[in-house]
Amino acid sequence: MKFVSTRGGVAPTSLDVALAAGLAPDGGLYVPERIPQLALDHAGATLADTAALVLAPWFEESHLRSRLPRLCADAFDFPAPLRALSSPNDHLLELFHGPTAAFKDYAARFLAGCLSGLRAPAASAPTTILVATSGDTGAAVGAAFHRRDGFNVTILYPDGRVSPRQAHGLGCFGDNVRAYRIDGSFDDCQRMVKHALGDTDLRARVALGSANSISLGRLLPQTAYYAHTALEFRDRHDAPLNFVIPTGNLGNALACWLAKRMGLPIGDIVLASNANDVLPRYFSGDEYAPRATIATLANAMDVGAPSNFERLRWWHRDDVELRAAMRASSVDDAAISDTIRHASARHGVVPCPHTATALKVLEELRATGDRRHWAAVATAHPAKFDTIVEPLIGHAIEPPPALAAWLARPATSAPLANADDALGTVLSGG
Ligand SMILES: *Cc1c(COP(=O)(O)O)cnc(C)c1O
């Protein structure tokens, strides 16, 4: 299996090169030349087993091939339960049982394992992983690489636009993980990271890697929990499972679409956006028009220019074909608050603000008379967003043990100018 760039400017390359590079040298995103077809009748015994089966075709020519089961066992060592909600055929796929209580733990841990495995044993200078975060990526990547030999992590996050607990989580690692707060939006952070990764002078001096959702090493592993859930679901219910997915940069939902295209029993896919409605506008027929980011309660989805859209577009002939692949709805802050407030009574769970967008879209689907099996995807634990959720529900939420352990550690971050060359300066030791 070879990988090419969405911008067509690089020769077909191996998975290992694409994993290590993050972004393609022509500024595009790596995509596989073709999508392999899986003939899986049943899920593996565990999520990790399914992950190894689903990821195998991509790794056929990789140096990591023989280590894939081990990599999956390490990354997928916490469960992704599908919980029944109060109403018939409503389900919740809980992806927040990892060390930083968000779905990004799976892919961050898998990518960290891959990059460790690909690192030359005697390589001298450490590789610095750059990560722009709207809150959860940075913590997941920080946790995945914390004290890992041969790696440093530099996290950029938008100052004041992440929850207090998220900010704490970004700054609490120390050691080889550094956090910088930027006076700007997530898109500014992402732009700075892309700029540094595209700076050949800088890269000649500092070994850089990327861990954003543009990295193939993030996208591919996310197919695993959709595959595992859908296969187990078909065994039990003899029906495909449809998904509503809280969406920002479009990495998680794109992985679901990819799993579906690989032949897994996944039905319809609906994206739930917050007030940053570039995707809902596009899927309802408008031109694709990235916009400035609006700050919302579901801050990890505050993305005005979803990077993975470039991959989605590459995989479809035209807008007509692409718009048939999925749908998207926007949920504003008022509806997010309302959904959190009533979720316990209506659904039997307390959601984080991101998960609330999916529950709201599920409620809308039910209101149109859709009676099929739907799973809303729970992307983070509500205790991570206690300052939003607790006042709405009127009581405290117990943090899961991993989150409680974070909160007990001290945290520090440094300010960094919102300017293209600022990151290069600190990376060069200036
Ligand atoms: C990152 C994140 C999202 C959005 O996922 P994308 O892959 O960027 O679309 C949704 N919810 C939470 C809690 C997140 O951390």
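**View 1. The largest pocket of this predicted model.** Its volume is about 250 Å³. The lining is made up of 13 residues. Those that lie nearest the centre are L71, D74, R109, G113 and R148. By type, the lining holds five charged, five nonpolar and three polar residues.

**View 2. Helices that line the largest pocket.** Helix 3 (68–75), helix 4 (104–118) and helix 5 (136–145) each contribute at least two lining residues. Helix 4 gives the largest share, with five residues.

**View 3. The N-terminal segment, residues 2–76.** An unreviewed UniProt entry annotates this stretch as "domain: Threonine synthase N-terminal". In the predicted model, helix accounts for 32% of residues 2–76 and strand for 8%. The C-alpha atoms at its two ends are 25 Å apart.

**View 4. N89, a residue other than glycine with positive phi.** The phi value of N89 is near 70°. N89 sits in the loop that runs between strand 3 (82–84) and strand 4 (90–94). Is N89 buried or partly exposed? N89 counts as partly exposed because its relative accessibility is 26%, and the partly exposed class runs between 20% and 50%.

**View 5. L250, also a residue other than glycine with positive phi.** Here phi is near 75°. L250 belongs to the loop between strand 9 (241–246) and helix 11 (251–261). L250 has a relative accessibility of 2%, so this leucine counts as buried. The cut-off for buried is under 20%.

Note on methods:
Residues are numbered from 1 along each chain as its sequence is written. This is a predicted model: local features need pLDDT of at least 70, side-chain atom pairs count only at pLDDT 80 or more; totals for chains, interfaces and linings use all residues. Side-chain values use heavy atoms; hydrogens and water are left out. UniProt positions are given in the numbering used here, feature names are shortened, and annotations may be inferred rather than shown by experiment. Helices (H or I, at least four residues) and strands (E, at least two) are DSSP runs, numbered from the N terminus. Buried means under 20% relative accessible area, exposed over 50%, partly exposed in between (1.4 Å probe, protein chains only). On a 1 Å grid over the protein atoms alone, a cavity is a set of points where a 1.4 Å probe fits but cannot get out, and a pocket is an open set with protein on both sides within 12 Å along at least five of seven lines; lining residues have an atom within 4 Å of a point. Grid points are joined across faces, edges and corners, and a volume is the space filled by probe spheres set on the points. Ala, Val, Leu, Ile, Met, Phe, Trp, Tyr, Cys and Pro count as nonpolar, Asp, Glu, Lys and Arg as charged, and the others, Gly among them, as polar.
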